Amino acid sequence: MTGATREQGGTFGKPSAVEDRVAAWLDDHGVAYERQRRVWFRTVDFRVGEVLIEVYGCYWHACPEHHPATTKRAVKQRGRDRALASYCQTKGIPLVIIWEHAVNAGDFSALAGVVAGR
Ligand SMILES: [Zn+2]
């Protein structure tokens, strides 16, 4: 099944191609990062300093543009994503979300702040 993530089990430790493109972009900009960082009950894709970066696949994370959350699974996932966002907000941890469709379009503007802060 495409769009599966490590959260389903079985694929843990195998970052997606989209994440690899984000990693390459960070490399290009000389940004030091950690991958697959355990935070709370989630594994966050990247950590740059204090900033957490999640790369969200359009299907799996039910992007409002391409996969509006209509299925039970999508609604559940969006709930988990919102929980992470509010956890980070409560803890004062900056959380940046970059969508698969933005990465595929070569639009890394969501990460501009991460680079600017270096
Ligand atoms: Zn999308």
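Which strand is Gln 36 found in? Gln 36 belongs to strand β1, and the views below take that strand in turn with its surroundings. The model is predicted: local features need pLDDT of at least 70, side-chain atom pairs count only at pLDDT 80 or more, and totals for chains, interfaces and linings use all residues. Residues are numbered from 1 along each chain as its sequence is written.

**View 1. Overall fold.** The protein has four helices and four strands. Helices (H or I, at least four residues) and strands (E, at least two) are DSSP runs, numbered from the N terminus. Along the sequence the pattern reads α-β-β-β-α-β-α-α. Of the 118 residues, 23% are buried. A residue is buried if 20 or more other C-beta atoms lie within 10 Å of its own, exposed if 12 or fewer, and partly exposed in between; C-beta atoms are placed from the backbone. Among contacts with a separation of 6 or more, 52% join residues 24 or more positions apart. Two residues are in contact if their C-beta atoms, placed from the backbone, lie within 7 Å.

**View 2. The open sheet.** Four strands form an open sheet in the order β1-β2-β3-β4, with mixed pairing. The edge strands are β1 (34-39) and β4 (95-99), each paired on one side only. From one strand to the next, the twist averages 45°. Strands pair if DSSP finds at least two bridges between them. Helix α1 (residues 17-28) lies across β1, β2, β3 (51-56) and β4. The helix runs at about 140° to β3. Axes are lines fitted to C-alpha atoms, for helices over the stretch in contact, and angles run from 0 to 180 degrees between N-to-C directions.

**View 3. The β1-β2 hairpin.** β1 and β2 (residues 42-48) run antiparallel, joined by five bridges. Arg 35 has Phe 46 as its bridge partner in β2. For Arg 37, the partner in β2 is Val 44. Two residues separate the strands of this hairpin. Trp 40, in the turn, has a positive phi of about 60°. Gln 36 also has a positive phi, about 55°, although it is not a glycine. Most residues other than glycine have a negative phi. Gln 36 counts as partly exposed because it has 15 C-beta neighbours inside 10 Å.

**View 4. Helix α2.** α2 (residues 72-91) has 20 residues. From first C-alpha to last, α2 reaches 29 Å, close to the 28 Å expected at 1.5 Å a residue. The expected span is 1.5 Å times one less than the number of residues. Two of the 20 residues of α2 are buried, so the helix lies largely in the open. Gly 92 follows α2, with a positive phi near 70°.

**View 5. The loop between β3 and α2.** Ala 62 lies in this loop. Its phi is positive, near 55°, in a residue other than glycine. Ala 62 is buried, with 21 other C-beta atoms within 10 Å. Cys 63 lies in the loop between β3 and α2 as well. Cys 63 is partly exposed, with 19 other C-beta atoms within 10 Å. Neighbours within four places in sequence aside, Cys 63 is in contact with Tyr 56, Cys 58, Trp 99 and His 101. Cys 63 and Glu 100 are 37 residues apart in sequence and 8.9 Å apart in space, C-alpha to C-alpha.
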